[in-house]
Amino acid sequence: MKKSGKISVMISDDHALIREGLKQLIELEKDIVVVCQSGDGYETIEKVLKYKPDVLLLDINMPKLNGIDVLRRLKDLGIETKIIMLTIHDDKEYLFETIKMGADGYVLKDSDADGLIKAIRDVREGKNYIQPSIASMLNEKSDVTDSETYNRLKKIESLTNREYEVLTLIAEGLNNKEIADKLFISEKTVKNHVSSILKKLDVNDRIQAAIFAFKNNIKKI
């Protein structure tokens, strides 16, 4: 559902006010049009497949299915839509993992309008765009010491078999109910496992747990 001569954009964010603000900002440009919006991860995938926008602005912190899992699933589906991660996170882990998974751009929510518009135009032309204020992180050498590797392995080893299994499903983008149904256990039990996993991996949320799993190649046994 594209309008001739214009870059079609989809905005995916769980806050309606942010979506509307971005829409008004973007449509000040004569060559860009917002064709649709979404408020959660599953709706995002559904609408990308339906509207086939040129560019998707995708928030990382999305309900039901987070932005990183949406990115992975859309890439698995082989969609041609260019994806710009739009987030408050300037953490190196988020940047490395999303770029490695195929994101075409990475823009912080506090970016100025010119930066966002440039990102949309650049990725539409097949270029990658990373906000200049965080692009320097890509040039930093990774100093992975033996002790860091040892600590990561100890974290993985601290997980029980069931926690490891739950972590692989978190990395697949499943929510607690879906994990409970898949493993034939209660949602409360899943919630307890997730809490334990976050504590053992020393991460704050499911997104960081998923990134840990991706980075350490944690897969189903």
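## A buried asparagine

A residue counts as buried when its relative accessible area is under 20%. In this predicted model, Asn 66 has a relative accessibility of 11%, so Asn 66 is buried. Asn 66 lies in the loop that runs between strand S3 and helix H3.

The side chain of Asn 66 reaches the backbone nitrogen of Ile 68, at 3.0 Å. If neighbours within four places in sequence are left aside, Asn 66 is in contact with Ile 60 and Ile 207. Ile 68 and Ile 207 appear again in the next section, where Ile 68 belongs to H3 and Ile 207 to H11.

## Helices H3 and H11

Two packed helices are described by the angle between their axes and by the distance between those axes. For H3 and H11 the angle is about 45°, and the axes are 9 Å apart. H3 and H11 are therefore oblique to each other.

On the H3 side of this contact are Ile 68, Asp 69 and Arg 72; on the H11 side are Ile 207, Ile 211 and Phe 214. Sorted by class, the residues where H3 meets H11 are 4 nonpolar, no polar and 2 charged.

## Helices H8 and H11

H11, which covers residues 206-215, also packs with H8, which covers residues 161-171. The angle here is about 100°, and the axes are 8 Å apart. H8 and H11 are therefore roughly perpendicular to each other.

H8 contributes Leu 167, Ile 170 and Ala 171 to the contact. H11 contributes Arg 206, Ala 209, Ala 210, Ala 213 and Phe 214. By class, the contact of H8 with H11 holds 7 nonpolar residues, no polar residues and 1 charged residue. Phe 214 of H11 thus meets residues of H8 and is also listed in the contact with H3.

## The nonpolar cores

In soluble globular proteins, nonpolar side chains tend to be buried together. The largest nonpolar core in this model has 28 residues, and the members that touch the most other members are Leu 74, Ile 83, Met 85 and Tyr 106. At least two residues of this core come from each of S2, H2, S3, H3, S4, H4, S5 and H11. H3 supplies the largest share, 4 residues.

What does Ile 83 touch, not counting residues up to four places away in sequence? The residues are Leu 56, Leu 58, Leu 71, Leu 74, Lys 75, Ala 103, Asp 104 and Gly 105. A second, separate core has 23 residues, among them Tyr 164, Leu 167, Val 190 and Val 194. Leu 167 is also one of the H8 residues that meet H11.

## Two residues with more accessible area

This section turns to Lys 47 and Asn 217, which are partly exposed and exposed, respectively. Lys 47 is in helix H2, and its relative accessible area is 22%. Leaving aside neighbours within four places in sequence, Lys 47 is in contact with Met 10, Cys 36, Gln 37, Ser 38 and Lys 52. Lys 47 and Cys 36 are 11 residues apart in sequence, and their C-alpha atoms are 7.6 Å apart in space.

Is Asn 217 buried or exposed? With a relative accessibility of 52%, Asn 217 counts as exposed. Asn 217 sits in the segment after H11. Asn 217 and Thr 168 are separated by 49 residues in sequence and by 9.7 Å in space, C-alpha to C-alpha.

Conventions:
Residues are numbered from 1 along each chain as its sequence is written. This is a predicted model: local features need pLDDT of at least 70, side-chain atom pairs count only at pLDDT 80 or more; totals for chains, interfaces and linings use all residues. Side-chain values use heavy atoms; hydrogens and water are left out. Axes are lines fitted to C-alpha atoms, for helices over the stretch in contact, and angles run from 0 to 180 degrees between N-to-C directions. Angles under 35 degrees count as roughly parallel, over 145 as roughly antiparallel, 65 to 115 as roughly perpendicular and the rest as oblique. Contact means heavy atoms within 4.5 Å. Ala, Val, Leu, Ile, Met, Phe, Trp, Tyr, Cys and Pro count as nonpolar, Asp, Glu, Lys and Arg as charged, and the others, Gly among them, as polar. A nonpolar core is a set of buried Ala, Val, Leu, Ile, Met, Phe, Trp, Tyr and Cys residues joined through side-chain atoms within 4.5 Å. Buried means under 20% relative accessible area, exposed over 50%, partly exposed in between (1.4 Å probe, protein chains only). A polar contact is a pair of N or O atoms within 3.5 Å; within protein, one must be able to donate a hydrogen and the other to accept it, and residues adjacent in sequence count only if both atoms are side-chain atoms.
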